[in-house]
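Let's take a friendly tour of this model, going from charged contacts to ring pairs, backbone oddities and surface patches. Have your viewer ready and follow along.

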Amino acid sequence: MPLLLQMIRPSFANRKITRCATALSAGLGLALLAGCKWTNLGGNQSTMLTAGPVAKAQWDLFMVTVYVTTGIFIVVGSVLAYAQIKFRAKSAADEPAAPPAQGHGNPLIEIGLIAASVALLVIIAIPTLRDIWYTHDVPEDEKGNAIDVVATGYQWWFKFEYPSELVKLPAGGEAPLVTGNELVVPAGFPIRVQLRTVDVIHSFWVPKLAGKVDMMPNRPNFLWFKADKPGYYYGQCAEYCGESHAIMRFRVIALSAAEYAKWLENQKQPARTVTPGAPAAEDAAPRVQFASMKMAPGEALAASSEFDANPLAAWTAMQKPEAGEDPKLVATGRQLFQDKTCYSCHTVRGHEGIGITGPDLTRVGARSTIAAGVLENTHERMHAWIKDPNHFKPGNKMFNGGYTEVSTGKALFALNDQEIDALVAYLHSLK
Ligand code: CUA
């Protein structure tokens, strides 16, 4: 073994080069780990800029661990550095020198290190246990205000149900209100989310509001969160669930209690039908970029000066009917929705849509994004999505099984641009 060490050990001069290379690669590695962005730790999905008490508790706990481990790093690193500098070979003449006298245990140091380790673990354990109880369920004094939501993961989108908000079904009876990919909640109220999946394991994560919790097949899971203020929050599936996992996103929109009540009231109505002379809002809505996915390789996104300035205001403006709706085109789109079999996979409550394979589209025109948070819900992008869904979301069921036969890949129907325009007009009228 000593002979082997002698062979691989660089000469005294070479060791300087080795040291420089090590320092350089450590620096490069750190820069890579940090994503080269020391200056920008914010962003839409930052866990550092928390917006609710659950995320805040989790962030504070993380920081306790960071402080403790940083302390350990400094102490151990200092001792190591001291030993390395003090006992280093200072010249080539030191090379053959015998190693310094070796110690064989010091009870005082050993007991001291064990006691320090225990103390540090206790410091971490206290807030950890406190947060386990805190995140486990809505605190007792807030339970009366809690709102229940069932979130279900599908490859690759999210369904949200409000079990205590019942809507009348056109065929009679009642069912919980259902939406897709945009979870609307009142700010300041605890939201209890039951987590389910219909296929594989997904994970529900809104970084600014609460840490991720998995959606497991055959195992009910749960989390709760509260948004401090009204806002537009970005969510993401955080468990690999197939080819379009990375683009399985969603949004949480927190409204004031009054706005939420208004939103619920509108959601409970049957789908809107455009009639000639229907009131339409002026088209002067605030403009933000809700989703960043490009439509084609190399496409430049029109980054407006208002980029993400106030997504909540822009989302609110989208709830109103669009200016210049064409009742004839909308009616054609509604007919195509049946003729092209869209209705067998999507529900449009009050209209013909009855399917449950895809997201509920009763109010799709009022959503800020489509295709599970990856594309902005503009006419242009909705058109592109309907034209070639597989381009934006590889493997999705609208294309595989809807547009084409799964086993053979044979096209089942075709849509021309005029037909897609009519479908877009219809879908955008659903507010
Ligand atoms: Cu769903 Cu990853």
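Start with the side chains of Lys226 and Glu142, which meet in a salt bridge with 2.7 Å from N to O. This contact links distant parts of the chain, 84 residues apart: Lys226 lies in the loop between strand 8 (221–225) and strand 9 (231–237), and Glu142 in the loop between helix 4 (107–136) and strand 1. A salt bridge here is a side-chain nitrogen of Lys or Arg within 4 Å of a carboxyl oxygen of Asp or Glu. Helices (H or I, at least four residues) and strands (E, at least two) are DSSP runs, numbered from the N terminus.

Before going further, please keep in mind that this is a predicted model, where local features need pLDDT of at least 70, side-chain atom pairs count only at pLDDT 80 or more, and totals for chains, interfaces and linings use all residues. Residues are numbered from 1 along each chain as its sequence is written, and side-chain values use heavy atoms, with hydrogens and water left out.

**Salt bridges**

Are Lys226 and Glu142 buried or exposed? Lys226 counts as buried because its relative accessibility is 15%, and Glu142 is also buried, at 18%. The cut-offs are under 20% relative accessible area for buried, over 50% for exposed, and partly exposed in between (1.4 Å probe, protein chains only).

Glu322 and Lys431 form another salt bridge, at 4.0 Å from N to O. This pair too links distant parts of the chain, 109 residues apart, with Glu322 in the loop between helix 6 (311–317) and helix 7 (327–339) and Lys431 in the segment after helix 10 (417–429). Glu322 is partly exposed, with a relative accessible area of 21%, whereas Lys431 is buried at 5%.

A third contact joins Lys143 to Glu140, whose closest N and O atoms are 3.1 Å apart. Lys143 is partly exposed at 29% relative accessibility, while Glu140 is exposed at 62%. Both residues belong to a network of salt bridges that also links Asp137, Asp148 and Arg192. How many salt bridges does a search of the whole structure find? The total is 14.

Here are the three pairs side by side:

| Pair | N to O distance |
|---|---|
| Lys226 and Glu142 | 2.7 Å |
| Glu322 and Lys431 | 4.0 Å |
| Lys143 and Glu140 | 3.1 Å |

**Aromatic rings**

Rings of Phe, Tyr and Trp (its six-membered ring) pair if their centres lie within 6.5 Å; planes under 30 degrees apart count as stacked, over 60 as edge-to-face and the rest as tilted. By this rule there are 15 aromatic pairs. Why is the pair of Tyr232 and Tyr234 edge-to-face? The ring planes stand at 75°, with the centres 5.4 Å apart, so the pair falls in that class. Tyr232 is buried at 7% relative accessible area, and so is Tyr234 at 9%. Phe399 and Tyr403, by contrast, make a tilted pair, 6.1 Å centre to centre and 50° between the planes. Phe399 is partly exposed at 21%, and Tyr403 is buried at 12%. Elsewhere, Phe158, Phe160, Phe204 and Phe250 form one aromatic cluster.

**Backbone oddities**

Most residues other than glycine have a negative phi, and most peptide bonds are trans. Gln155 and Trp156, however, are joined by a cis peptide bond, with omega about 0°. Trp156 sits in the loop between strand 1 (147–154) and strand 2 (157–168).

Asn181 has a positive phi of about 65°. Its place is the loop between strand 3 (174–180) and strand 4 (182–186), and Asn181 is buried at 6%. Ala371 also has a positive phi, near 55°. Ala371 lies in the loop between strand 11 (369–370) and strand 12 (375–376) and is buried, with a relative accessible area of 11%.

**Surface patches**

Patches are made of residues with over 30% relative accessible area and no salt bridge: like charges are joined within 9 Å, nonpolar side chains (Val, Leu, Ile, Met, Phe, Trp, Tyr) within 5 Å. Accessible areas come from the Shrake-Rupley method with a 1.4 Å probe, and for residues only the protein chains shown count as cover.

Ile72, Val75, Val76 and Val79 form a nonpolar surface patch, with about 350 Å² of accessible area together. Val79 is part of helix 3 (residues 53–86) and counts as exposed at 54% relative accessibility.
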